[in-house]
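Student: Please take me through one part of this protein in close detail. I would like the parallel sheet first, and then how the rest of the chain is arranged around it.

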Amino acid sequence: MSFSIYPNRGAMLMGKRDISVLDVHTLLSYPDSVLVDVAYCGLCGSDLQQWLWGGVGNRIINFPKSIGHEASGTIELDGESVRVAISPSSRACGTCSYCMSGRSNLCSFAIYMGASDAGAMRQKAGVSERQLFPIPDSISLKDAVLIEPLAVAIHAVRLVHSFAPSILVVGLGGIGRLIIEAAHAEMTTEIWASDILDYRVRMLPPYATRYNGQAQVDVAFDAAGTDRSLAECLSAVKPGGTVVVVGIPASENICYNPHQARIKEVNIIHSRRFCDEFPKAIQMVASGRANLSGIVTHTFPLEKVQEAFETAAHYRDGVLRAVIEMPGVHNG
Ligand SMILES: [Zn+2]
Ligand SMILES: [Zn+2]
């Protein structure tokens with residue numbers, strides 16, 4: 001295939017607290033590249049960190065920066081329009097020790113859309129065909145932006161190898177809410193949840209309960225990444241239990257009480273992105289085992305992307321997950 005460039009409109013981070021919509025160019029730069037008409041792109045906590053302070057985790061970014069890694073859209077295939085969710089991960093080598101042992105999320109060759117590659121918060125994305133996963137009609141294009149964070153949640157849940165009858169999830173943003181869905185789908189029966197934002201606790205599904213500060217659980221998921229959330233997890237986990245730190249904490253360091261962890265011999269593990277969980281996430285939703293309703297709370301047109309970030313940053317208006325809608329007609 002020849003090298004192709006498609007002009008379109010996209011969101012670019014221009015500086016701290018500054019995101020603009022500009023004319024951008026989408027490249028089809030690999031032999032297996034496919035052009036996707038993006039319908040929706042989710043606004044993740046990691047996007048928000050970059051907007052807030054110009055970095056994510058311990059990595060400073062360079063402006064201008066193209067972002068967006070939770071996206072859905074359509075491709076043309078044999079004259080037909082096919083609805084797809086886009087996996088942001090590509091180019092894992094398939095031959096290194098990590099790839100060979102099923103840990104492609106740790107492959108040093110892997111590229112992540114919106115991090116080490118152009119993002120999908122734009123009208124047209126150029127991605128490898130291996131990043132495209134058709135979705136059934138039962139999943140709307142808007143909800144399909146949640147397939148990526150659901151894959152992250154499933155990865156975190158499955159890192160704890162044994163079945164956990166009881167869990168606590170601390171931090172009820174998109175990832176925390178989806179950990180509840182993934183754990184519920186995996187037959188966890190006792191699900192506790194907490195967040196310093198009370199409105200997010202009030203949005204819980206019926207199979208999750210506001211944490212009472214007393215119950216002891218097999219596994220605690222820290223989806224907030226602060227001293228306070230880790231302390232709550234360490235306090236809630238049973239002796240011999242596991243704490244899983246999920247996602248990217250916003251601070252450089254987290255402090256915890258080592259005695260609290262030591263006396264109970266707690267396993268503290270970290271979960272990063274996902275491996276082969278993307279198709280499993282689609283299947284989990286299509287089969288009805290995971291329920292995405294009520295998680296996308298706000299939709300902003302591309303031209304109002306700055307307002308979307310301000311709403312998410314200030315937890316305005318009961319926001320849980322905001323998504324950006326690209327111009328054009330997107331059926332479902
Ligand atoms: Zn994300
Ligand atoms: Zn590899």
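Tutor: What follows starts with the parallel sheet and its helix, and then turns to the domains, the other strands and the backbone details.

This is a predicted model. Its secondary structure comprises 9 helices and 20 strands. The radius of gyration is 19 Å, close to the 20 Å given by the globule rule for 332 residues, so the protein is as compact as a globular protein of that length. The C-alpha trace spans about 60 × 40 × 35 Å along the principal axes.

Now the sheet. It is open, has 6 strands and is paired in parallel. The order is β15-β14-β13-β16-β17-β18. At the edges are β15 (209-210) and β18 (267-271), and each of these pairs on one side only. How many bridges join β14 to β15? There are 2, and the strands run parallel. Strand β14 covers residues 190-194. Within this pairing, W192 has T209 of β15 as its bridge partner.

A helix packs on this sheet. Helix α3, residues 147-159, touches β16 (217-222), β17 (237-246) and β18. The direction of α3 makes about 155° with that of β18. An angle over 145 degrees counts as roughly antiparallel.

Helix α3 also has a helical partner, α8 (residues 277-286). Two packed helices are described by the angle between their axes and the distance between the axes. Here the axes come within 8 Å and cross at roughly 105°. The two helices, α3 and α8, are therefore roughly perpendicular to each other. From α3, the contact takes I147, L150, A151, I154 and H155. From α8, it takes E277, F278, K280, A281, I282 and M284. By class, that contact has 8 nonpolar, 1 polar and 2 charged residues.

Next, the domains. Domain 1 spans 4-134 + 295-325, and domain 2 spans 156-271. Their C-alpha centres lie 27 Å apart. The contact between them draws 12 residues from domain 1 and 11 residues from domain 2. On the domain 1 side, helix α1 (residues 45-53) gives the most, with 3 residues. By class, that side has 5 nonpolar, 6 polar and 1 charged residues.

Helix α1 packs against another helix too. Its partner is α9 (residues 305-313), with the axes 10 Å apart and at an angle of about 100°. Helices α1 and α9 are therefore roughly perpendicular to each other. L48, W51 and L52 in α1 meet F309, A312 and A313 in α9. This contact has 6 nonpolar, no polar and no charged residues.

Antiparallel pairing appears in other strands. An open sheet of 3 strands has the order β2-β1-β6, with antiparallel pairing. Strands β2 (18-28) and β6 stand at its edges with a single partner strand each, so one side of each has no neighbour in the sheet. Strand β1 (residues 4-15) pairs with β2 over 11 bridges, in the antiparallel sense. In that pairing, R9 has D23 of β2 as its bridge partner.

Strand β7 (residues 71-77) takes part in two further pairings. With β3 (residues 33-42), β7 pairs antiparallel over 4 bridges. There, Y40 is matched with S72 of β7. With β8 (residues 80-86), β7 shares 7 bridges, again running antiparallel. Here, G73 has V84 of β8 as its bridge partner. The hairpin of β7 and β8 has 2 residues between the strands. In this hairpin, D78 takes a positive phi near 50°.

That leads to the backbone details. Most residues other than glycine have a negative phi, and most peptide bonds are trans. E265 has a phi near 45°, a positive value in a residue other than glycine. E265 lies in the loop between α7 (258-263) and β18. That loop leads back to the parallel sheet, where β18 is an edge strand. Which form does the peptide bond from F63 to P64 take, cis or trans? The bond is cis, with omega near -10°. P64 lies in the loop between β5 (59-60) and β6 (65-66). Strand β6 is also an edge of the antiparallel sheet described above.

Conventions. Residues numbered from 1 in each chain as written. Chains lettered and ligands numbered in written order. Predicted model: local features only at pLDDT ≥ 70, side-chain atom pairs only at ≥ 80, totals over all residues. Pairing = 2+ DSSP bridges. Contact = placed C-beta atoms within 7 Å. Axes fitted to C-alpha atoms, helices over the stretch in contact; angles between N-to-C directions. Domains from an automatic or database assignment. Nonpolar A, V, L, I, M, F, W, Y, C, P; charged D, E, K, R; others polar. Parallel < 35°, antiparallel > 145°, perpendicular 65-115°, else oblique. Rg over C-alpha atoms; globule rule 2.2 N^0.38 Å.
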